[in-house]
Amino acid sequence: PVGGRARVKADLGSLAAALRTRELQRELVKAAASSGTVSPEEGLLVTQGLLLTKLRGGDAEGSRALAEEGIALAGTQEGRAAFALHATAAASLDVNDEETCAWLAARVGQCAQFRAQCAKLLLASSCLLHQPGGPGAGSESPGVESGNPKGLSDSSKPPRSSTGAEAALVILGPLLQSPVKPGSCTGEPAGVEVNADMRGWASMLAGRAHLALGSIEKAEAAFSDSLSAFQKEHGDASRLVAIAVLELGLLYAEKLEPIMAEGLLRSATDKLLAKVSGSEESSTGYPPSAPSQTLGGARALHRALHEYAKLLDGLETNNRKRTSEAAQLRAQASALASSFDGLHAHGPDEGARGAAGCHAALLDWYVESTAYEWFR
């Protein structure tokens, strides 16, 4: 019950309250374990609950420490693999930890397929964040030097001479080429099949990589493939579809095609707003506490509102600036931010563009997809 309350608090926007509840749960379990009333497996599940909450909040050091604790204490290879995947996600938050992220991903890749494919997505996203000119620019990434550091397999490590975008495309290759199979793809040999969500994320990350390399046509094709994969799996109204539409809108903004860009950004924003239900709208157009709106959905909406506002800043209608419309969108984003204390965990207050925004959305999906089935 304590863990359930923490989950609800995080979903409704109070990440700080969720962390406090998770930490209380962990203290209670530690006390009960000494008397034998709680099994080691239950203790590991509680540790993972706290870990995922810290990961959602962008705490790389805290979530990584819990992951390493779990790897050491887990009594099965499945349990160690689950924590190794969480450690990969934690390492992907750190712009100076690309090598460790790759090493952990290689360990995970020998286990259940869902974990293996998640590890590839996280590693590719990490490479995009670390590429020259990206969010990690200015602090030298350790990269992968010659030899085989920490047992990293040759098939998993990015080429030494690659940029982050090129390395991401190498990692994503199998996910883009393997046949798609419905379901979660658990319990089967790694590297054989992927599900629709995996394909959608791989295509989206590939689009970001192609865009970073200046290949506009390839980027557009990849983003379109991502949108198609998510639409087939979830229907047109899902958050993943809205994120894919947002990426296409940002691409058209890069192409200086404002009409197409505005249509796509408006569509993405409308889809994310439509996910909010069962609550009366406030004067700013955003309900401050909607039961169906999770932190991940709020983060995606916040980003979409700001990206749409940025586009409108530079547009005119009948020789009139559209700055007032942009201001309204920013007011909606501010109202949203006041209700979700974990909103800026993976990006600055004005939203996160490009690879950073895509990485934050991937981490939100990862936390939500593993929260109920931790030992897949």
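The paragraphs below lead through a predicted model, beginning with its nonpolar cores and moving on to aromatic pairs, salt bridges and two individual residues.

The largest nonpolar core holds 80 residues, and those with the most contacts inside it are Leu121, Trp201, Trp365 and Tyr366. Helix H11, which covers residues 239–254, gives the most to this core, contributing 11 residues. Apart from this core lies another, made up of 10 residues, among them Leu44, Leu50, Ile71 and Ala84.

Trp201 is a useful residue from which to look around the larger core. Its relative accessible area is 0%, so Trp201 is buried. When neighbours within four places in sequence are left aside, Trp201 is in contact with Leu121, Phe230, Leu240, Cys358, Ala361, Leu362 and Trp365. Two of these partners, Leu121 and Trp365, are named with Trp201 among the residues that have the most contacts inside the core.

The aromatic pairs in the model come to 2. In one of them, the rings of Trp201 and Phe230 have their centres 5.9 Å apart and their planes at 75°, and because planes over 60 degrees apart count as edge-to-face, the pair falls into that class. Trp201 lies in helix H9 and Phe230 in helix H10, which spans residues 216–234, so this pair ties together parts that are 29 residues apart in sequence. Both Trp201 and Phe230 are buried. Trp201 also pairs with Trp365, with 6.0 Å from centre to centre and 50° between the planes, an arrangement that is tilted. This second pair links distant parts of the chain, since Trp201 belongs to helix H9 whereas Trp365 belongs to helix H15 (residues 354–370), 164 residues apart. Trp365 has a relative accessibility of 10%, and because the limit for a buried residue is under 20%, Trp365 counts as buried. Through these ring pairs Trp201, Phe230 and Trp365 are linked into a cluster.

What charged contacts does the model contain? A search of the whole structure finds 18 salt bridges. One of them joins Arg26 to Glu69, with the closest N and O atoms 3.0 Å apart, and it links distant parts of the chain, as Arg26 sits in helix H2 (residues 15–34) and Glu69 in helix H4 (residues 60–73), 43 residues apart. The two ends of this bridge fall into separate accessibility classes: Arg26, at 11% relative accessibility, counts as buried, whereas Glu69, at 28%, counts as partly exposed.

Another salt bridge is formed by Glu368 and Arg56, whose closest N and O atoms are 2.9 Å apart. Glu368 lies in helix H15 and Arg56 in helix H3 (residues 40–56), so the pair ties together parts that are 312 residues apart in sequence. Arg56 has a relative accessible area of 5% and is therefore buried. Both residues also belong to a network of salt bridges in which Arg56, Arg239, Arg299, Asp364 and Glu368 are linked.

A further bridge connects Arg303 with Glu247, again with the closest N and O atoms 2.9 Å apart; Arg303 is in helix H13 (residues 295–313) and Glu247 in helix H11, with their positions 56 residues apart in the chain. Here Arg303 counts as buried at 6% relative accessibility, and Glu247 counts as buried at 0%.

Arg199 offers a contrast to these bridged residues. It is found in helix H9, which runs over residues 196–212. Arg199 is buried yet has no salt bridge, and the nearest side chain of opposite charge, that of Asp225, is 7.4 Å away. What does the side chain of Arg199 reach instead? It comes to 2.8 Å from the backbone oxygen of Leu175. With neighbours within four places in sequence left aside, the contacts of Arg199 are Leu175, Leu176, Gln177, Ser178, Pro179, Val180, Val194 and Ala229.

The last stop is Val29, whose place is in helix H2, the helix that also holds Arg26. Val29 is buried, with a relative accessible area of 17%, a value that lies under the 20% limit. Leaving aside neighbours within four places in sequence, Val29 is in contact with Val38, Gly43 and Val46. The C-alpha atoms of Val29 and Thr47, which are 18 residues apart along the chain, are separated by 9.5 Å.

Methods: Residues are numbered from 1 along each chain as its sequence is written. This is a predicted model: local features need pLDDT of at least 70, side-chain atom pairs count only at pLDDT 80 or more; totals for chains, interfaces and linings use all residues. Side-chain values use heavy atoms; hydrogens and water are left out. Helices (H or I, at least four residues) and strands (E, at least two) are DSSP runs, numbered from the N terminus. Buried means under 20% relative accessible area, exposed over 50%, partly exposed in between (1.4 Å probe, protein chains only). Lys and Arg count as positive and Asp and Glu as negative; His and the chain ends are not counted. A salt bridge is a side-chain nitrogen of Lys or Arg within 4 Å of a carboxyl oxygen of Asp or Glu. A polar contact is a pair of N or O atoms within 3.5 Å; within protein, one must be able to donate a hydrogen and the other to accept it, and residues adjacent in sequence count only if both atoms are side-chain atoms. Contact means heavy atoms within 4.5 Å. A nonpolar core is a set of buried Ala, Val, Leu, Ile, Met, Phe, Trp, Tyr and Cys residues joined through side-chain atoms within 4.5 Å. Rings of Phe, Tyr and Trp (its six-membered ring) pair if their centres lie within 6.5 Å; planes under 30 degrees apart count as stacked, over 60 as edge-to-face and the rest as tilted.
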